[in-house]
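User: I would like a close look at a single part of this chain, taken slowly and with its surroundings in view. Please work outward from one strand to the rest of the structure.

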Amino acid sequence: MTLKQIESSAIKTITDPVLEPYYIAMDEYNYTVQEIVTPNPKYSETGKKYIRPLGYFSNFHSCIAAIVKRKVNTKSYTSLKEYLKEYKNTINKLNENFGL
């Protein structure tokens, strides 16, 4: 299903540059964290973006927590202090923009 097809269905989306490459799809039953993936041209003939679901959640705050976790866990850290600093910075960025 493409992002355009999702937008025209009963599923509603929350997209924001702060969340990229992730977004939240929601319906009356749950929230889904989705990732927009741009494939490596080395491994893809078309190079066409696709959507990968990352998790299904019963509430909004769990979605945000999953996105923060994914954003922070994209690299290795040399200390717990460095990891926690990045985690807090990511949460603070969301708080500054949205007052979460």
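The part to look at is strand β3, with E35 as the point of entry. Where does this strand sit in the sheet, which residues does E35 touch, and is E35 buried or exposed?

Analyst: What follows concerns a predicted model, and it begins with the chain as a whole before turning to the strand.

The chain has 100 residues, of which buried residues make up 25%, and it contains 3 helices and 4 strands. Read along the sequence, these elements follow the pattern α-β-β-β-β-α-α. Among contacts between residues at least 6 apart in sequence, 39% join residues at least 24 apart. The surface that the chain exposes comes to about 7,300 Å², and carbon and sulfur atoms supply 52% of it.

The 4 strands form an open sheet in the order β1-β2-β3-β4, with antiparallel pairing. The edges are taken by β1 (residues 12-14) and β4 (residues 50-57), each of which has a single partner strand, so one side of each is left without a neighbour in the sheet. Direction ignored, neighbouring strands of this sheet are turned against each other by 30 degrees on average. Strands of a sheet pair through backbone hydrogen bonds, either parallel or antiparallel.

In that order β3 stands between β2 and β4. Towards β2, the pairing is antiparallel and extends over 5 bridges, and the two strands form a hairpin with 4 residues between them. Towards β4, 7 bridges join the strands, which again run antiparallel. Of the 7 residues of β3, 5 are buried, so the strand is largely enclosed by the rest of the structure.

E35 lies within β3, which spans residues 31-37. On the β2 side, Y22 stands opposite E35, while on the β4 side the residue opposite E35 is R52. A further pair in the register between β3 and β4 is V37 with Y50, its bridge partner in β4. The relation between E35 and R52 also involves their side chains, which make a polar contact at 2.7 Å. Beyond its neighbours up to four places away in sequence, E35 touches P21, Y22, Y50, I51, R52, L54 and R70, so that both residues opposite E35, namely Y22 and R52, are among those it touches. Its relative accessible area is 10%, which is below the 20% limit, and E35 is therefore buried.

The residue before E35 in the sequence, Q34, also belongs to β3. Q34 has a relative accessibility of 10% and so counts as buried under the 20% limit. Leaving aside neighbours within four places in sequence, Q34 is in contact with P21, Y22, Y23, A25, I51, R52 and P53. P21, Y22, I51 and R52 therefore appear in the contacts of Q34 as well as in those of E35.

V33 brings the account to the nonpolar core. The largest such core has 14 residues, and V33, I64, I67 and L94 are those that touch the most other members. The elements that give two or more residues to this core are β2 (22-26) and α2 (60-72), and α2 gives the most, with 6 residues. Not counting residues up to four places away in sequence, V33 touches Y22, Y23, R52, P53, L54, G55, F57, C63, A66 and I67. Among these partners, C63, A66 and I67 fall within the span of α2, and I67 is, like V33, one of the residues that touch the most other core members.

For a setting outside the sheet, one can turn to Y83, which lies in helix α3 (residues 80-98). Y83 has a relative accessibility of 22% and counts as partly exposed, since this value lies between the limits of 20% and 50%. The side chains of Y83 and N73 are joined by a polar contact of 3.1 Å, and the two residues are 10 apart in sequence and 8.7 Å apart in space, C-alpha to C-alpha. Beyond its neighbours within four places in sequence, Y83 is in contact with V72, N73 and Y77.

To return to the starting point, E35 is buried, has Y22 opposite it in β2 and R52 opposite it in β4, and makes a side-chain polar contact with R52.

Definitions and conventions
Residues numbered from 1 in each chain as written. Predicted model: local features only at pLDDT ≥ 70, side-chain atom pairs only at ≥ 80, totals over all residues. Heavy atoms only, no water. Buried < 20%, exposed > 50% of the residue type's maximum accessible area, 1.4 Å probe, protein only. Polar contact = N/O pair within 3.5 Å; in protein donor to acceptor, adjacent residues only side chain to side chain. Contact = heavy atoms within 4.5 Å. Core = buried A, V, L, I, M, F, W, Y, C linked by side-chain atoms within 4.5 Å. Areas by Shrake-Rupley, 256 points an atom, 1.4 Å probe, with all protein chains shown as cover. Pairing = 2+ DSSP bridges. Axes fitted to C-alpha atoms, helices over the stretch in contact; angles between N-to-C directions.
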